Amino acid sequence: MTATEAHPSDPARPDDHGAARTRLLADPGLGGAARRTALARLTDGWLAGLYRDAGAPAGTALVAVGGYGRGELSPRSDLDVLLLHDGPIDPRLPERIWYPVWDSGAALDHAVRTLDEARTVAADDLKAQLGLLDARHIAGDAALTASLRSTLLADWRAGAAGRLPELQQLCAERAERHGELSFLLEPDLKEARGGLRDVVALNAIAATWLADAPRDGLEAAAARLADVRDALHLATGRATERLSLQDQDQVAARLGVLDADTLLRQVYEAARTITYASDVTWRAVDRVLAARSSRGRRLARIAFPFSGTGRGSGAVAKGAVERRPLAEGVVEQDGEAVLAQGARPAQDPVLPLRAAAAAAQAGLTVGYATVRRLAAETKPLPVPWPDEAREQLITLLGAGEACLPVWEALEAEGLITRLLPDWERVRCRPQRNAVHRWTVDRHLIETAVKAAAMTRRVARPDLLLVAALLHDIGKGWPGDHSEAGEVIVRDVAARMGFDKTDTDTLALLVRHHLTLIDTATRRDPDDPATVDALTKVVGTLPHLELLHALTEADATATGPAAWSSWRASLVGNLVARAAARLAGGVSHPPAGDPTAEEERLAVEAARTGGPALSLHAHAEQDTTGTEPMGVELTLAIPDRPGLLGTVAGVLALHRLTVRSASLRELDPIDAGPVLLLSWTVAAEYGELPEAARLRADLRRALDGSLDVARKLAERDAAAPRRRGIATPPPVVSVAPGASSSATILEVRAHDAPGLLHRIGRALDAAGVRVRTAHVSTLGADAVDAFYVTDAEGLPLAAARAAQVAAAVQEALG
């Protein structure tokens, strides 16, 4: 009897079954789902024969449950079988069926129950209930099996609101025990997160009719894991689910795969598909259950309007879905970032990154339908990228842990490899090193997460985050991955729109991302040649700071064995020695001579005694034809105390975000100093305000008729509370000896509406004068330098400077 002839009606004998099973498993033309189905049918025929031979009476049925019930029988799978009956039976009947199975050596998980007993067990044991949902008739009373199926399915749907949270907890506990299949060198194909158990859970959720999993690629992913499991059973001869290192070559050979690394990549890709489908589905379940609970509370308030408080509120939630703006074209809805109704993905190639950055910064993920639409409709970014695209990527990376689910969503729909084609080579690439706990691509994004917590330590957090994302991008290419990575990152940085200086810095960081740890652990730090070699590599103190932060982020993202207090102290000691050698103070580029436009505005401000301003499109307008990233706002105002904070507050009132700014003094017509403020600003949402309206509000703020601080406070109080992400605390420091004519205060903080307004008010309250300022927003981080003097125009004394820094720190919280 061949596999194709096996059928539940075949009266297969145990010896015939064993021979037929051996032939089926040895058939080179049969594999995958076809072999699993054939093996299940063959087993059905055997068990049906045993059932008949045992003299089973009417009112009984033999039922396959669990994986066997689904017809997914792997070579070493257990046989999960239920003998169902609707009345008294001979106590010896089950043994007459089970003993031949045991004698054959097959693993049998058996039970004997009535329909009521099966319902009771299902109600008490979630795992048993999941297995019974897949009940399939083998032999006997088919109507009895059908009754079991319909009754248990109705029970499952009726109790879904209570059972699904229990199932979710069960899945979480299993993931905690077994880890994530997508990243393990020896994964459990069944129990790990993203494994075959999660597919069973997804099918159970679908059976409730409350939610369904994204089906694209899910069936193929589950089939791939099942194929690997089959090959593992055949290669080892054991009922094992763990793909051990010593078995991977044999399994790869059985599946016709090139090598063990290719096998693991295929396993990881399948697991990621299942994991993403699980994440999307559980979020949908949470929303449905929350909506049901909320609807129940609203109905209770309608039915019992005077309960609890003793008076009716009369407040019944409106049917409209609440949508809160996050960024241009992006809103929050039901705990996810989704596209605004007016969003036009086909005309806005930056929208995927903007949506991702806004979601991550708000501690949300991007909705499944939104990601799908973005992947389908948006066009590739032009090369080089528009400034906004680069800034949004940096903002996304700067969100730290909140970046991970957003990144996974983009990656699941192919948006990451569309943005970074070189990512494909490291995607799902295993690292056969016990120190590493992640695949190459996940290690890169984990390094960026670690780096996000270190952005206050460096003057260029944007370069730190991008270097963290790309430092191992050379893995998968022949030769030294650091050398290959340097070549790749130069090309990637140029595509992203970084200038030559920044590209050189990124290339240096990628090329030498292992230099610091290698030098600190393998060279004598007391040897002057050691410090000389390091300073020759980094060249400048800012480069050293970046390399130090990257080294720590890389090591801590690798795993606990790669970073320790001992290694940290060695690296810190070496960095301190090199920093002392490189120390030369902080410098900012000179402002240069004023342009004709700036001189005209300064003269106008001096003559009128009021603000003079101009608005021009940003010089580097987006070549995609969409709105530019920002506009150049040039503002001239006669000098007075509190000017910086007042102007920044007016911009915040108009929902203008400051991308960069500079401040300096001019004396155009010997009529007193005029402050010239040059800003690059962008609208937080919608369109930019008209210049006339902005000028009018500036005049009102300066003459005191517009209380900027009060207006901002009122707006913040009225805004709905939105969860955000934890960010590194702000750092305010004094740069000693950096200037002979002023004291330089450096502020590094998470960018937020009104940040510059709060800094300006704090400096004004401290009684210092801002002579010049250099303001930069790099992704989600603000890196600002303020040159301040006392009332006489002299640098602050050290103690006074420390007090001012502390005051600004306190103002920023």
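In the predicted model, the buried residues of helix α23 are covered by elements that include α24 (528-538), α25 (541-558) and α26 (565-582). Helix α23 itself spans residues 515-522, and its buried positions are Thr515, Leu516, Ile517, Thr519 and Ala520.

Burial extends over the whole of helix α15, which comprises residues 387-397 and has 11 of its 11 residues buried. Charged side chains are represented in this set, as Asp387, Glu388, Arg390 and Glu391 are among the buried residues. Also buried in α15 are Ala389, Gln392, Leu393, Ile394, Thr395, Leu396 and Leu397.

Two of these residues, Leu396 and Leu397, recur in the description of the nonpolar interior. The largest nonpolar core contains 94 residues, and those with the most contacts inside it are Trp385, Leu396, Leu397, Trp407 and Trp423. Excluding residues up to four places away in sequence, Trp385 touches Leu353, Arg390, Leu393, Leu419, Leu420, Arg495, Met496 and Gly497. Two of these partners, Arg390 and Leu393, belong to the buried set of α15. A further core of 50 residues lies apart from the largest one, and Ala648, Leu756, Ala762 and Phe786 are among its members. In soluble globular proteins, nonpolar side chains tend to be buried together.

Two helix pairs were examined in terms of their packing geometry. Two packed helices are described by the angle between their axes and the distance between the axes. Helix α28 (residues 643-653) and helix α31 (residues 755-765) have axes that come within 7 Å and cross at roughly 160°. Because an angle over 145 degrees counts as roughly antiparallel, α28 and α31 are assigned to that class. The crossing of α28 past α31 is left-handed. Leu644, Gly645, Ala648 and Gly649 of α28 make the contact with Leu756, His757, Gly760 and Arg761 of α31. By class, the residues of this contact comprise 3 nonpolar, 4 polar and 1 charged. Ala648 and Leu756, which take part in this contact, are also members of the core of 50 residues.

The second pair consists of helix α5 (residues 115-124) and helix α7 (residues 142-158), whose axes come within 11 Å and cross at roughly 30°. This angle makes α5 roughly parallel to α7, and their crossing is right-handed. On the α5 side, the contact involves Leu115, Ala118, Arg119 and Ala122, which meet Ser147, Leu148, Thr151, Leu152 and Asp155 of α7. The contact of α5 with α7 includes 5 nonpolar, 2 polar and 2 charged residues.

Notes
Residues numbered from 1 in each chain as written. Predicted model: local features only at pLDDT ≥ 70, side-chain atom pairs only at ≥ 80, totals over all residues. Heavy atoms only, no water. Axes fitted to C-alpha atoms, helices over the stretch in contact; angles between N-to-C directions. Helix = DSSP H or I, 4+ residues; strand = E, 2+ residues; numbered from the N terminus. Parallel < 35°, antiparallel > 145°, perpendicular 65-115°, else oblique. Left-handed = near helix turned anticlockwise from the far one by under 90°. Contact = heavy atoms within 4.5 Å. Nonpolar A, V, L, I, M, F, W, Y, C, P; charged D, E, K, R; others polar. Core = buried A, V, L, I, M, F, W, Y, C linked by side-chain atoms within 4.5 Å. Buried < 20%, exposed > 50% of the residue type's maximum accessible area, 1.4 Å probe, protein only.
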